[in-house]
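Student: I'd like a close look at a single part of this model, please.

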Amino acid sequence: MIYDLLIKGGKVVLKNEVVNNDIAIINGKIAAIAETIDHEAELIIDASDQYVMPGMIDTHVHVCEPGRTEWEGFITGTKALAAGGTTCYADMPLNALPATIDRHTLQLKAEAAKGKNYIDYAFYGGLVPDNLERLEELSDEGVIAYKCFMSTCGTDNPDDFSNVDDYTLFAGMKKIAELGQILSIHAENAQITDRLGEELTAQGRTAAADYVFSRPVLTEVEAVKRALYFGKETKCPIHFVHISTAEAVEEIMKARSAGQDVSLESCPHYFTISAEQLEKIGPAAKCSPPLRSIEEQERLWKKLIEGKIDMLTSDHSPCPPEMKHSPSNNFFEVWGGITGCQNSVDLMFDEAVLKRKLPITHFARMISSNPAERFNIPNKGEIAVSMDADIIFIDANRSYVVEEEGLYYRHKHSPYIGRMINCRITKTLVRGKIVYDLDQGIVGKPLGKALKLKNGRSTLNMI
Ligand SMILES: NC(=O)NC(NC(N)=O)C(=O)[O-]
Ligand SMILES: [Zn+2]
Ligand SMILES: [Zn+2]
């Protein structure tokens, strides 16, 4: 037997240890891991001095295709993800048009995605006020989970995604619990954030700091506590997306200790850019929940080091450049969403592992095995025999400055431009195929496959 690929001499990040090992791959799967594998292979790659770890599974990406492909699209979005060390992602049900709220709109998106993804992918279904009767069909079509917004979601198209009222949140949770699925929640209080924004705008207070002031910590914490209460009463599994405050993390961890089925993610921007920097960086760093103060950021870092951030996601939420520009410098008017998915892994490896000495095995859990386990993505998330060979190489001896030219996004307004990052993704493999190489760039054609997740089971096929 001849292996398809042999990765020699890497610092391999296994579940609980980092070992100098060789990895043998055949038919897209990891076939063997050992100190030395001297065996024939079609291709042998020298991984000396590189960390060899499971690729990131980014379960929070807005690709915006179909319908708003000019915002990003599958081709450029997944090139950026691959170049950033992500090997599988989940596309959110909003920002594309139509929003993914039933079988028909999911099939439209699945059709649009065919043959355009450089990495493997899954789709979210949405929970909105008028699709309670259509949730089941989304589950039948294999969505990874459901997503709802408790705050308004920032787009103004009537076809777009509407945030849930309390009845829809409660009734939706009951239905999703029956379906054995997870509800992922954007937890911010809609009335307070919207009214504070209106008041400040009316007073002519429209700077970045005013935007941050309009979405105070309490608007996230109150929404988290309300959703936890509904979740407890309905027994609905809940995942909180892009949690930005330590207080919300504590509330979620308290609920989990009391036996509730709940998880949370946060995003690199909440750990690496502070509200104090917002004025300087500008609209490229506008997001909701907003970036928090440096003190809040340090409290969130403490939660990450304590192991209370289950997973990292990019919340890549791109838009055309004109949507990040306000002629009247009104920060409320520009698009809330950060273009950043190409720098989730290297930036946070630098900040967490290299600078704050977070164990690499913990980092790998946050970016890979935890999302795979939480969202029932089979055969992914870990370097182990029989798993998909979704593998990335990280060189911790190379630094670089993020520049527009190196970004694969359709629109290059990343808040990380100009930032020094002290490591580099040098290779990304999806099911044993090189899809990105630092020297060559994107390699080959889009080979990503759609994951069809059925209540925790999945069959890899094109949907
Ligand atoms: N419509 C959006 O893409 N919203 C996103 N925007 C952010 N986070 O600023 C989100 O995930 O809430
Ligand atoms: Zn959100
Ligand atoms: Zn989002």
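What is the strand order in the open sheet of six strands, and which pairing does it have?

Tutor: Happy to help! This is a predicted model, where local features need pLDDT of at least 70, side-chain atom pairs count only at pLDDT 80 or more, and totals for chains, interfaces and linings use all residues, while side-chain values use heavy atoms, without hydrogens or water. Residues are numbered from 1 along each chain as its sequence is written, and chains are lettered from A and ligands numbered from 1 in the order in which they are written.

The order is β9-β10-β11-β12-β13-β14, with parallel pairing. Strands are DSSP runs (E, at least two residues), as are helices (H or I, at least four), numbered from the N terminus; two strands pair if DSSP finds at least two bridges between them. At the edges stand β9 (125–126) and β14 (311–312), each with a single partner strand, so one side of each has no neighbour in the sheet.

Let's follow one edge inward. β14 pairs with β13 (residues 262–266) in the parallel sense, over two bridges. Ser-266 has Leu-312 in β14 as its bridge partner. Helix α7 (residues 217–234) packs on the sheet, touching β11 (183–186), β12 (238–240) and β13; contact here means heavy atoms within 4.5 Å. The direction of α7 makes about 170 degrees with that of β12, using lines fitted to C-alpha atoms (for helices over the stretch in contact) and angles from 0 to 180 degrees between N-to-C directions.

Finally, the ligand: 15 residues surround ligand 1, and His-186 is one of the closest, with a heavy atom within 4 Å as the cut-off.
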